[in-house]
Amino acid sequence: MDDLRVPPGPGAPAGITVPAAELLERFSHASGPGGQGVNTTDSRVQLSLDISATTALSDIQRKRALDRLGTRLSGTVLTVDAAEHRSQRRNRVAARERMSALLREAVMPPVRRRPTRPTRGSQRRRLEGKRLRAQIKRNRMRPRPE
């Protein structure tokens, strides 16, 4: 098993390389396709990484990952399952891709919202629409006797 590579992106400009020694892979029987072989092969893969103990993340990245992945963590361990393929090798690749995508999303810095204001034209169009709607409703009223 080789190292897990996370491609460069926001929050990790050089990418992230998780050493293979920090990853834990477990194999078990998978449900789903496979016919008779499904009961005899351990094709389901569970890939786990302890985020608080990994040396691949900086302190800032670790804090972001723990905050963002909090609902997916068991303690501080992130676990990803893959069982959609019949072969163990393809499930191992799928689990690594999922883990990589999760880590990449987790270390991204939060996007700051820039406060915006409506343009003068959009304000004018909104008020004109309100005036027209009020005029339509006024025209529905019964005329007053004179």
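The side chains of Arg-92 and Glu-25 meet in a salt bridge, with 2.7 Å from N to O, where a salt bridge is a side-chain nitrogen of Lys or Arg within 4 Å of a carboxyl oxygen of Asp or Glu. This pair links distant parts of the chain, since Arg-92 belongs to helix H2 and Glu-25 to strand S3 (residues 23–28), 67 residues apart. Helices (H or I, at least four residues) and strands (E, at least two) are DSSP runs, numbered from the N terminus. The structure is a predicted model, in which local features need pLDDT of at least 70 and side-chain atom pairs count only at pLDDT 80 or more, while totals for chains, interfaces and linings use all residues. Residues are numbered from 1 along each chain as its sequence is written, and side-chain values use heavy atoms, with hydrogens and water left out.

## Salt bridges

Side chains of opposite charge can pair when their charged atoms come close. The structure holds six salt bridges, and the table gives three pairs, among them the one described above.

| Pair | N to O distance |
|---|---|
| Arg-92 and Glu-25 | 2.7 Å |
| Asp-81 and Arg-44 | 3.2 Å |
| Glu-84 and Arg-98 | 2.8 Å |

Are the partners in these pairs buried or exposed, or in between? Buried means under 20% relative accessible area, exposed over 50%, and partly exposed in between (1.4 Å probe, protein chains only). Glu-25 is buried because its relative accessible area is 15%, whereas Arg-92 counts as partly exposed at 26%.

The side chains of Asp-81 and Arg-44 also meet in a salt bridge. Asp-81 lies in strand S6 (residues 77–82) and Arg-44 in strand S4 (residues 44–50), so this pair ties together parts that are 37 residues apart in sequence. Asp-81 counts as partly exposed at 34% relative accessibility, and Arg-44 is partly exposed with a relative accessible area of 25%.

In the third pair of the table, the side chains of Glu-84 and Arg-98 meet. Glu-84 lies in the loop between S6 and H2 while Arg-98 lies in helix H2, so the pair ties together parts that are 14 residues apart in sequence. Glu-84 is partly exposed at 39%, and Arg-98 is partly exposed at 35%.

## The sheet

Four strands form an open sheet in the order S3-S4-S6-S5, and their pairing is antiparallel; two strands pair if DSSP finds at least two bridges between them. The edge strands are S3 and strand S5 (73–74), each of which pairs on one side only. S4 and S6 pair in the antiparallel sense over six bridges, and within this pairing Gln-46 stands opposite Asp-81 in S6. S5 and S6 pair, also in the antiparallel sense, over two bridges, with Val-77 of S6 as the bridge partner of Ser-74. The hairpin of S5 and S6 has two residues between the strands, and in this hairpin Gly-75 takes a positive phi near 75 degrees.

Along S6 the side chains alternate: Leu-78, Val-80 and Ala-82 point to one face and are buried, while Val-77, Thr-79 and Asp-81 point to the other face and are not.

## Helix H2 and the core

Helix H2 lies across S3, S4 and S6 and runs at about 140 degrees to S6, where axes are lines fitted to C-alpha atoms, for helices over the stretch in contact, and angles run from 0 to 180 degrees between N-to-C directions. Contact means heavy atoms within 4.5 Å. Ser-100 lies in helix H2 (residues 88–106) and counts as buried because its relative accessibility is 10%. Leaving aside residues up to four places away in sequence, Ser-100 touches Leu-4, Arg-5, Val-6 and Pro-7.

A nonpolar core is a set of buried Ala, Val, Leu, Ile, Met, Phe, Trp, Tyr and Cys residues joined through side-chain atoms within 4.5 Å. The largest such core has 25 residues, and those with the most contacts inside it are Ile-16, Val-18, Ile-51, Leu-69, Leu-78, Met-99 and Leu-103. Strand S1 (4–6), S2, S4, S6 and H2 each supply at least two residues of this core, and the largest share, six residues, comes from H2. With residues up to four places away in sequence again not counted, Met-99 touches Leu-4, Leu-47, Ser-48, Leu-49, Leu-78 and Val-80.
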